[in-house]
Amino acid sequence: MALDPQSRIRFNLEGAAVLLVDETPMGMSILVSVVTGLGAKLLYRCSNVEQAQEAVAQHHIDLAIIDGLAPSGAGYDLVKWIRQNAREPNCFAPILLTTGHTPANDIVRARDCGGNIIIRKPIAPIVLLERIIWASKEGRPYLFSETYVGPDRRFQDKPPPAGAGRRRGDAEAAPEATAGDEAMDADIDRKAGQAS
Amino acid sequence: MSIRIVVPKLRLAQLLRMPGGLPVVDAVANAERNLATLRPTCEAELLALLELCEQSFATLAEAFDDAGLEKIYAIAVRGIGGGRICGAPAVDTALISLCDLIDHLRTTGRYDRKAVGVHVSSWRLLMGAGLPEAGAAAVLDGLQRVSLRYAEAPRDD
């Protein structure tokens, strides 16, 4: 993912609508300084979840940079809300989560909320740019299930290790599982390029 | 369980490739220039947070004080990121160490008021101008050792 800070490769953020969420004036100022330096012009600045929900409901969002809002972790709930409740295309917007610190009991919440990636503060401009470019790459599937909505968190397409089943319980369940796939009634509906 | 998989077209991907824009090197330089202008306000905000933190530490109880720890955590976590802007990146590391420490204490139920105090006073020290880099590194090393001491749950034996 490393991007050379001296690179002459061009990118264009001018037309992107960017949602920024951070409750501290300092955090917001830092985000705005970095994002405008990188060329973004259309920013929706929100200092709380309610403002952000309103912005997402009213405007097209191309990119969201959302603080986890520790210690409450309300930022993670906001990301979940965007993934589950926002209309298309906002529900698919790349979301970068920022955090100064994630308490141990919030790590699973941060992982499962549906953000594309978590960036630890302090934020360096080159790192933010790398993550924006990475998160914008097309082809990453988004999953909609009862327990998770968001980008596929698997980055490697490898089979299970030799001799291992797909799940921990497969070894015990193996005799019953030979009957077919009734046990796994996942209705996988791959719709490449449906949303725009 | 039903799972639906969608591969969306992201408008951001198309926008980034539009003609114009900025070379990476210029964009990063612009961003760093913008950040440099924030230095005075960030310093003022970090100092205000530090004062709040010192006040909260002064009222932190001698016995396990979960509410007091939570309050200090909430102050410290808001400051993370400001140190880099103020030219004192060690402050960010110290604040992360303080948040780690408080998280460990609250998770394991152990308590060490002194360890919290060392972090708060180090924050003040690292904010000051004139601390040599090696001195700051030594302070951070000490703080991280203190935090790590509480990273594991206490043994029963």
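Which residue of β2(B) does A:R10 stand opposite? Keep that in mind while we set the scene. This is a predicted model, in which local features need pLDDT of at least 70 and side-chain atom pairs count only at pLDDT 80 or more, while totals for chains, interfaces and linings use all residues. Residues are numbered from 1 along each chain as its sequence is written, and chains are lettered from A and ligands numbered from 1 in the order in which they are written.

**Exercise 1. Describe how β1(A) pairs with chain B, and name the partner of A:R10.**

Step 1: β1(A) and strand β2 (residues 22-23) of chain B are antiparallel and share two bridges. Strands here are DSSP runs of E with at least two residues, helices are runs of H or I with at least four, and both are numbered from the N terminus. Two strands pair if DSSP finds at least two bridges between them.

Step 2: A:R10 stands opposite B:P23.

**Exercise 2. Work out what chain A brings to its contact with chain B.**

Step 1: Chain A gives 64 residues and chain B gives 51 residues; residues are in contact if their C-beta atoms, placed from the backbone, lie within 7 Å.

Step 2: On the chain A side, β1 (10-11), α1 (25-37), α5 (125-136), β7 (142-144) and β9 (189-192) each supply at least two residues. The largest share, nine residues, comes from α1(A).

Step 3: Sorted by class, the chain A side has 33 nonpolar, 19 polar and twelve charged residues. Ala, Val, Leu, Ile, Met, Phe, Trp, Tyr, Cys and Pro count as nonpolar, Asp, Glu, Lys and Arg as charged, and the others, Gly among them, as polar.

**Exercise 3. Lay out the five-stranded sheet of chain A.**

Step 1: The order in this open sheet is β3-β2-β4-β5-β6, with parallel pairing.

Step 2: β3 (42-46) and β6 (117-120) stand at the edges with a single partner strand each, so one side of each has no neighbour in the sheet. From one strand to the next, the twist averages 20°.

Step 3: Now follow the pairs. Five bridges link β2 (residues 17-21) of chain A with β3(A), where A:V18 stands opposite A:L43. Four bridges join β2(A) to β4(A), with A:L20 opposite A:I65. Four bridges also join β4(A) to β5(A), and there A:I66 has A:L97 as its bridge partner.

**Exercise 4. Is β4(A) enclosed or open to its surroundings?**

Step 1: Five of the five residues of β4(A) are buried, so this strand is largely enclosed by the rest of the structure. Buried means 20 or more other C-beta atoms within 10 Å of the residue's own, exposed means 12 or fewer, and partly exposed lies in between, with C-beta atoms placed from the backbone.

Step 2: A:L63, A:I65 and A:D67 point one way, while A:A64 and A:I66 point the other way.

Step 3: α5(A) lies across β4 (63-67), β5 (95-99) and β6 of chain A, at about 180° to β6(A).

**Exercise 5. Find the angle between α6 and α8 of chain B.**

Step 1: The axes of α6 (residues 89-108) and α8 (residues 133-149) of chain B come within 9 Å and cross at roughly 10°. Axes are lines fitted to C-alpha atoms, for helices over the stretch in contact, and angles run from 0 to 180 degrees between N-to-C directions.

Step 2: α6(B) and α8(B) are therefore roughly parallel to each other, since angles under 35 degrees count as roughly parallel, over 145 as roughly antiparallel, 65 to 115 as roughly perpendicular and the rest as oblique.

Step 3: The contact between these helices has seven nonpolar, five polar and one charged residues.

Definitions and conventions
Contact = placed C-beta atoms within 7 Å.
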